[in-house]
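Open the model in your viewer and colour it by secondary structure. The tour goes from the sheets to the helices packed on them, and then to the empty spaces.

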Amino acid sequence: MQNIRLLVIGTGGMAAHHAANFAKIPGVTLAGGVDTRPEQLASFCDQFGIEHRFTSLDQALEWGEFDAVTNVTPDAAHYVTTMPVIAAGKHVLCEKPLSTTYPRALEMAEAAQVAGVVNMVNLSYRNVPALQKAAAMVAAGDIGTVRHFEASYLQSWLTQPAWGEWSTEAQWLWRLSTAHGSKGVLGDVGIHIIDYATFIAGSDPVELSCRLKTFDKAPGGKIGDYTLDANDSFAMHLSLANGAVGTISATRFASGHHNDLRLRIYGDKGGLEVLFEKNESRLNACLSPDLLTAAWQPVETDPVPLVYDRFIAAIRGTGPAEPDFARGAALQQVLDLAEDSANAGSVSLAVA
């Protein structure tokens with residue numbers, strides 16, 4: 001078994017999730033940590049027994065005693081922190097989104113391909129058993145030719161404080177402000193639900209239209225240094241390369257849903273309902289002979305390896321590097337085009 005020394009870049013809350021899961025994998029050593037905040041870095045490295053600590057990426061690269069990187073920096077830092085890692089010939093797992101624009105995401109994907117390093121983006125809902133089973137069923141033709149789909153990502157942290165009070169906590173306020181690097185709900189969770197739907201459908205978008213909506217949430221649309229101008233909801237219509245059409249939406253105002261993903265996908269021989277609700281994965285199907293009675297039946301699903309296990313397996317040559325940077329770049333292109341579509345405006349209807 002190949003021993004792998006891992007460098008963790010960024011030591012925030014999500015980094016702890018990465019570190020805890022990588023530490024469970026036999027033969028993986030958390031070799032170093034990088035963060036510009038010395039106190040945060042020390043606390044994180046003490047928690048996970050990490051010996052080598054660096055307050056800049058340059059210091060870590062000069063040291064160089066690691067094989068792979070997990071990049072858990074903020075979205076806007078993914079490009080500037082990943083490109084030097086690729087240039088150094090290190091394998092890299094990057095948090096989503098791959099970057100904040102398609103040109104930069106594409107540059108990252110192309111650089112990783114040229115360098116020949118294992119490259120993966122953390123689309124965490126690829127870990128959902130129902131998603132993987134549904135994708136396999138669609139690919140096997142179980143629902144026939146895909147015709148239509150509807151998908152949604154539902155959150156409600158703007159309506160209640162289950163995850164904290166959004167109006168007073170920086171971890172939520174920055175997500176509402178474009179000046180603080182947010183692209184709203186489209187950039188935050190849109191990438192997940194777009195991947196969720198199109199991965200299962202087995203086809204990528206070829207045409208889309210999108211509407212973004214920002215709601216009034218505070219007097220003057222501002223709280224402290226945060227201008228609350230990032231989108232809170234979006235609705236998107238897509239045509240896929242396989243001819244299917246459908247809708248994808250997401251919102252932070254879905255009262256009654258903390259963090260739920262839903263997809264219904266229909267073919268000419270059946271339909272699937274793919275649910276991830278209250279942290280539970282479920283798959284239902286309506287197939288022959290139940291089409292006449294429109295009866296839906298539960299489908300058994302098997303556990304799937306987490307992205308951390310898949311990344312290490314890809315480095316060791318025992319599994320595919322999926323989803324890779326090319327997928328991350330393709331999804332970023334969809335997000336960019338959705339913004340372009342929304343900025344193009346809509347046509348108002350005359351009301352009698």
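Two strands are taken as paired if DSSP finds at least two bridges between them. Keep in mind that this is a predicted model.

**Stop 1: the six-stranded sheet**

Select strands β1 (residues 4-9) and β4 (residues 68-71), which pair in the parallel sense over four bridges. Within this pair, isoleucine 9 stands opposite asparagine 71 of β4. Now extend the selection to the whole sheet: six strands, open, in the order β3-β2-β1-β4-β5-β6, with parallel pairing. At the edges are β3 (52-54) and β6 (119-122), each of which pairs on one side only. From one strand to the next, the twist averages 20°.

Add helix α2 (residues 38-48), which packs on this sheet and touches β1, β2 (28-34) and β3. The direction of α2 makes about 160° with that of β3.

**Stop 2: the eight-stranded sheet**

Move to the open sheet of eight strands, ordered β8-β11-β12-β7-β13-β14-β15-β16. Here the pairing is mixed. β8 and β16 (297-298) are the edge strands, and each pairs on one side only.

Select β8 together with β11 (residues 233-240): these two pair in the antiparallel sense over eight bridges. Glutamate 207 has serine 239 in β11 as its bridge partner.

Two helices can be shown with this sheet. α6 (residues 129-139) lies across β7 (146-155), β14 (270-277) and β15 (280-287), and runs at about 25° to β15. α10 packs on the sheet where it touches β8 and β11, and its direction makes about 55° with that of β8.

**Stop 3: α5 against α10**

Keep α10 selected and add α5 (residues 102-115). How far apart are the axes of α5 and α10, and at what angle do they pack? The axes are 8 Å apart and the angle is about 170°. That angle makes α5 roughly antiparallel to α10, because angles over 145 degrees are counted that way.

For the contact itself, show side chains. From α5, select Tyr102, Pro103, Ala105, Leu106, Met108, Ala109 and Ala112; from α10, the residues they meet are Phe325, Ala326, Ala329, Gln332, Gln333 and Asp336. By class, this contact has 10 nonpolar, two polar and one charged residues.

**Stop 4: the second largest pocket**

Stay with α10 and turn to the second largest pocket, which holds about 160 Å³ of space. It has 13 lining residues, and those closest to its centre are Asp204, Pro205, Ala330, Gln333 and Val334. Two or more lining residues come from each of α8 (184-201), β8 (205-213) and α10 (325-343). α10 gives the most, with six residues. The lining has eight nonpolar, two polar and three charged residues. Gln333, one of the residues closest to the centre, also takes part in the contact of α10 with α5.

**Stop 5: the cavity**

How many cavities of 30 Å³ or more does a search of the whole structure find? The search finds one, and the volume of this largest cavity is about 40 Å³. To see its walls, select Lys183, Leu186, Gly187, Gln332, Leu335, Asp336 and Glu339. α8 and α10 are the elements that give two or more residues to the lining, and the largest share, four residues, comes from α10. By class, the lining has two nonpolar, two polar and three charged residues. Gln332 and Asp336 line the cavity and also belong to the α10 side of the contact with α5.

Definitions and conventions
Residues are numbered from 1 along each chain as its sequence is written. This is a predicted model: local features need pLDDT of at least 70, side-chain atom pairs count only at pLDDT 80 or more; totals for chains, interfaces and linings use all residues. Side-chain values use heavy atoms; hydrogens and water are left out. On a 1 Å grid over the protein atoms alone, a cavity is a set of points where a 1.4 Å probe fits but cannot get out, and a pocket is an open set with protein on both sides within 12 Å along at least five of seven lines; lining residues have an atom within 4 Å of a point. Grid points are joined across faces, edges and corners, and a volume is the space filled by probe spheres set on the points. Ala, Val, Leu, Ile, Met, Phe, Trp, Tyr, Cys and Pro count as nonpolar, Asp, Glu, Lys and Arg as charged, and the others, Gly among them, as polar. Axes are lines fitted to C-alpha atoms, for helices over the stretch in contact, and angles run from 0 to 180 degrees between N-to-C directions. Angles under 35 degrees count as roughly parallel, over 145 as roughly antiparallel, 65 to 115 as roughly perpendicular and the rest as oblique. Contact means heavy atoms within 4.5 Å.
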